Amino acid sequence: MFEELIKKYPDLAKSEKDIDDALNAIIKCYENGGKLLICGNGGSCADSEHIVGELMKGFLKKRPLTEKCKSNMKKNCPSISREVLDKLQYGLPAIALADFNALNSAFSNDVDPTLTYAQSVFALGNKGDILIAISTSGNAENCNVAATVGKSIGLTVIGLTGKLGGNLCKNSDICIKVPETETFKVQELHLPVYHYLCAAVEKHFFNE
């Protein structure tokens, strides 16, 4: 699967180790019952929501519930319909921190807008979870503060940046630096990176 990514985007070969480290960290997180928290601004905010969409339902696979799972759910709630059970899919827990509009606007107004993501990381994060912070420059202050808070409470921080890395690479445990510096070009390479990660994680857990 990685070979296919590099064939289409050969410049990403330079990031192979970091991408592989990120993949292994995400798999370990999910195997241990953890979750992903994801943040970014502007287009990177949209990317964070995109990642959630690929993880929380089927991406390249349908992920149907097992008959055992359906039976247990039916036992707990006899009124649940077979149609609902047949349509539900397994998800991998992921949260886009920008989606908490009421919380983020209140904290921004009442306390400090730079700390909105950090507050969510502190409230939601548990040791063993992962924070994916996306910043094309690597210098988005709110993402960097979130990263430091995440590390301080035991989260693994994965930075997704442009070529220069910025401060986010210093504040990350793993930093994937795509080889571009202009914002839209960085974002164009972030997409195949996180699509690869989502597809590879899905394959690991739902390979039947």
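The following legends describe an overall view and several close-up views of a predicted model.

In this predicted model, local features require pLDDT of at least 70 and side-chain atom pairs count only at pLDDT 80 or more, whereas totals for chains, interfaces and linings use all residues. Residues are numbered from 1 along each chain as its sequence is written, and side-chain values use heavy atoms, with hydrogens and water left out.

**Figure 1. Overall view of the protein, with ten helices and five strands.** Helices (H or I, at least four residues) and strands (E, at least two) are DSSP runs numbered from the N terminus. The radius of gyration is 18 Å, close to the 17 Å given by the globule rule for 208 residues, so the protein is as compact as a globular protein of that length. This radius is taken over C-alpha atoms, and the globule rule is 2.2 Å times the number of residues to the power 0.38. The C-alpha trace spans about 55 × 50 × 25 Å along its principal axes. Buried residues make up 45% of the 208; buried means under 20% relative accessible area, exposed over 50%, and partly exposed in between (1.4 Å probe, protein chains only). Of the contacts (heavy atoms within 4.5 Å) between residues at least 6 apart in sequence, 69% join residues at least 24 apart.

**Figure 2. Close-up of strand E3 (residues 130-134) and its neighbouring strands.** Five of the five residues of E3 are buried, so the strand is largely enclosed by the rest of the structure. In a regular strand, side chains alternate between the two faces of the sheet. In E3, Ile130, Ile132 and Ile134 are buried on one side, and Leu131 and Ala133 are buried on the other. Strand E1 (residues 36-40) pairs with E3 in the parallel sense over five bridges, where pairing requires that DSSP finds at least two bridges between two strands. Within E3, Ile132 stands opposite Ile38. Strand E4 (residues 156-161) also runs parallel to E3 and is joined to it by five bridges; Val157 in E4 is the bridge partner of Leu131.

**Figure 3. Close-up of Thr161 in strand E4.** Thr161 counts as buried, at 0% relative accessibility. Not counting residues up to four places away in sequence, the residues that Thr161 touches include Ser135, Thr136, Gly138, Cys169, Cys175 and His190. Also among them are Leu168, Ile176, Lys177, Val178 and Val186.

**Figure 4. Close-up of Arg63 and Phe206.** Arg63 lies in the loop between helix H3 (43-55) and helix H4 (67-76). Although Arg63 is not a glycine, its phi is positive, at about 60°. Arg63 counts as buried at 3% relative accessibility. Phe206, in the segment after helix H10 (183-205), is likewise buried, with a relative accessible area of 16%. Phe206 touches Lys61, Arg63, Tyr90 and Leu92, not counting residues up to four places away in sequence. The C-alpha atoms of Phe206 and Lys70 are separated by 17 Å, and these residues are 136 apart along the chain.

**Figure 5. Close-up of Asn32 in the loop between helix H2 (16-31) and E1.** Asn32 is exposed, with a relative accessible area of 61%. Asn32 and Asp129 are 97 residues apart in sequence, and their C-alpha atoms are 9.0 Å apart in space.
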